[in-house]
Amino acid sequence: MARSGLAAAARVARWADAALGPGGDSATTDGKATLSDATAERAAHALGLTVAQVRADWDTARLAGLIEVHGDSARPGWRLRAWDRDDSAVLRGWVALCDAWSLAHPEPEEYEHAAVAEVVTAMPQVLSFLQLSAGPVPVPQLLDLLQQRVTELRTERCEIDYAPQPEAADAEAPAADASAASDGPSGTPLQRPRPAPPEPAAADAPLAPLLDWALEALASVGALTYGDGQATLTPLGSWAVWVKLEQICVAAQSPAGNIEQGAEDMLRGCAQLRPNAARAEYRAWLAARPVGSAVTELIAAARGEDALLRGLAFEALRVVGAPAEPEVRAALDEPTLRPYALLWLAEHDGADPEDAHEVLTRQEATWLWVDTAAAVADHGEAPLLVRHLESAVQPTVPALLQEVRAVGHPRTVQVLVALAAAHPDPALAKAVRRAAFQVHTGG
């Protein structure tokens with residue numbers, strides 16, 4: 001269903017990828033991702049569509065992440081690259097479109113933005129009710145639920161309606177008249193100025209037309225069917241609501257309580273957890289924030305000086321999966337991150353984790369060995385550092401020391417000093433200390 005619903009958008013995205021690639025013409029002219037007239041006409045002619053159809057499919061492709069627009073240029077999103085081989089990319093694209101339903105079907109112009117925002121905020125509860133109902137629900141029932149939710153939102157903001165209610169005004173009228181009659185000389189009532197009625201607020205907007213707009217918008221993206229005075233979630237819409245509820249539950253079950261922390265503090269909090277518990281914490285942390293910003297935070301944490309956080313950051317990126325691929329691939333250009341990124345990409349492409357190290361060159365493997373040793377030296381115990389010697393690709397300690405000296409890792413001296421202090425063999429410890437001294441003096 002997701003592939004079918006996004007097929008037209010994917011077709012336009014693929015055309016844009018081929019026709020607007022490096023050296024091609026600009027896609028937009030206003031920096032706001034609006035397709036230029038010339039480009040829209042080219043696409044319509046090439047695809048056998050009308051210009052209006054091209055523009056609609058272009059907008060859908062942008063909302064689904066199939067196209068990314070930066071200023072006056074367009075480029076394919078990671079979901080388009082993974083479209084044919086990764087079903088999760090297709091589903092994530094549709095969920096992104098579903099999340100943007102209010103942009104896919106613009107709201108009526110006659111309503112205040114505040115009223116529209118209230119309805120958009122309240123619709124997840126309406127969708128949850130539809131999902132639990134598992135069948136058609138009459139629109140009046142949905143309208144009652146929407147009104148209740150909007151009232152709750154206004155109560156949470158402590159909004160109080162100061163406009164006089166009709167019943168209260170009628171009840172107060174006689175008392176007001178009697179009071180006024182007694183104030184004037186010889187029984188003549190004084191004419192007191194009445195306060196001006198308040199301006200009609202956005203909160204007073206009728207909700208029925210806005211609910212109609214919201215249901216039509218959600219139907220336009222394939223989340224539900226709407227007609228004959230009732231609405232029903234599609235199987236795809238029901239699945240999307242279930243996924244959202246699951247994410248909320250996962251986020252609420254953060255085992256170590258790091259969900260509100262930044263990436264670096266979260267990773268430090270996971271350092272002492274067992275692998276399964278750490279992965280549960282990663283999932284909870286990821287469920288509580290947009291995947292794009294989460295990946296950016298994790299990559300930034302990996303760039304720091306703490307080698308342990310570098311390794312943990314890429315473990316968290318394994319939990320992210322395909323959406324992290326573009327930024328991980330970009331990290332190949334950074335020497336500090338390159339070995340980790342190569343292993344991540346190899347496993348992402350299906351390599352066995354035990355064999356993934358084969359994608360590393362000898363120099364990259366040595367650099368990674370030193371980086372891991374630095375993490376052990378900073379956070380582990382001496383016996384663990386000694387055992388780390390066994391994981392080196394070099395067959396002998398002298399060969400390892402020679403290549404470690406040549407690789408130029410900034411923590412080489414500290415790692416060798418820590419290894420010499422921890423190793424029980426005096427002769428080997430002496431050789432390691434000598435290597436550390438030579439690196440330190442530049443010899």
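## A buried glutamate in α7

Glu 118 is buried, with a relative accessible area of 6%; the cut-off for buried is under 20%. This glutamate lies in helix α7. Glu 118 and Leu 210 are 92 residues apart along the chain. Their C-alpha atoms are separated by 9.9 Å.

## The model and its confidence

This is a predicted model. The protein chain averages a pLDDT of 81. Of its residues, 83% score at least 70. Confidence is highest in β5, at 94. Confidence is lowest in helix α9 (residues 166-181), at a mean of 46.

Residues 162-203 need caution. Over this stretch pLDDT stays under 50. The model has 17 contacts beyond four places in sequence for these residues. Where pLDDT is low, predicted coordinates should not be read in detail.

## Overall make-up

The protein chain holds 22 helices and five strands. Of its 443 residues, 41% are buried. Among contacts with a separation of 6 or more, 62% join residues 24 or more positions apart.

## Two nonpolar cores

In soluble globular proteins, nonpolar side chains tend to be buried together. Here the largest nonpolar core has 65 residues. Leu 66, Trp 94, Met 123 and Leu 146 have the most contacts inside this core. Helix α1 (residues 2-19) gives the largest share, nine residues. At least three residues come from each of domain 1 (1-85) and domain 2 (105-146 + 206-252). Apart from this core lies another, of 60 residues. Its members include Trp 344, Leu 368, Leu 389 and Leu 401.

What does Trp 94 contact, leaving aside neighbours within four places in sequence? Its partners include Ala 2 and Leu 6. Val 221, Gly 222 and Ala 223 are also in contact with Trp 94. So are Leu 236, Gly 237 and Ala 240.

## Helix α8 and what covers it

Helix α8 (residues 139-156) has 18 residues. At 1.5 Å a residue, α8 should span 26 Å. Its end C-alpha atoms are 26 Å apart, so the model agrees with the expected span.

Which residues of α8 are buried? They are Val 139, Leu 142, Leu 143, Leu 145, Leu 146, Arg 149, Val 150, Leu 153 and Arg 154. Two arginines, Arg 149 and Arg 154, are thus on the buried list. Leu 146 is also among the residues with the most contacts inside the largest nonpolar core. The cover over the buried residues of α8 includes helices α7 (113-133) and α10 (207-220). Strands β3 (137-138), β4 (224-227) and β5 (230-233) are also part of that cover.

## Positive phi angles

Most residues other than glycine have a negative phi. Three residues here take a positive value. Cys 158, just after α8, has a phi of about 60°. Ala 134 has a positive phi of about 55°. Asp 228 has a positive phi near 55°.

Ala 134 sits in the loop between α7 and β3. Asp 228 is found in the loop between β4 and β5. Are these two loop residues buried or exposed? Ala 134 is exposed, with a relative accessible area of 68%. Asp 228 is exposed too, at 83%. The cut-off for exposed is over 50%.

## Trp 367 in α18

Trp 367 is found in helix α18 (residues 362-379). At 11% relative accessibility, Trp 367 counts as buried, because the cut-off is under 20%.

Not counting residues up to four places away in sequence, Trp 367 touches Pro 335, Thr 336, Pro 339 and Tyr 340. Val 407 and His 409 also touch Trp 367. Trp 367 and Pro 335 are 32 residues apart in sequence. In space they are 9.2 Å apart, C-alpha to C-alpha.

## Cysteines

How many disulfides does a search of the whole structure find? The search finds zero. Cys 98 is buried, with a relative accessible area of 10%. Cys 270 is buried as well, at 1%.

## A loop between α13 and α14

Ala 288 is in the loop between α13 (275-287) and α14 (291-302). This alanine is partly exposed, with a relative accessible area of 41%. Ala 288 and Gln 247 are 41 residues apart along the chain. Their C-alpha atoms are separated by 7.6 Å.

Conventions
Residues numbered from 1 in each chain as written. Predicted model: local features only at pLDDT ≥ 70, side-chain atom pairs only at ≥ 80, totals over all residues. Heavy atoms only, no water. Core = buried A, V, L, I, M, F, W, Y, C linked by side-chain atoms within 4.5 Å. Buried < 20%, exposed > 50% of the residue type's maximum accessible area, 1.4 Å probe, protein only. Helix = DSSP H or I, 4+ residues; strand = E, 2+ residues; numbered from the N terminus. Domains from an automatic or database assignment. Contact = heavy atoms within 4.5 Å. Expected span 1.5 Å × (residues − 1). Disulfide = S-S within 2.5 Å. pLDDT = per-residue confidence, 0-100.
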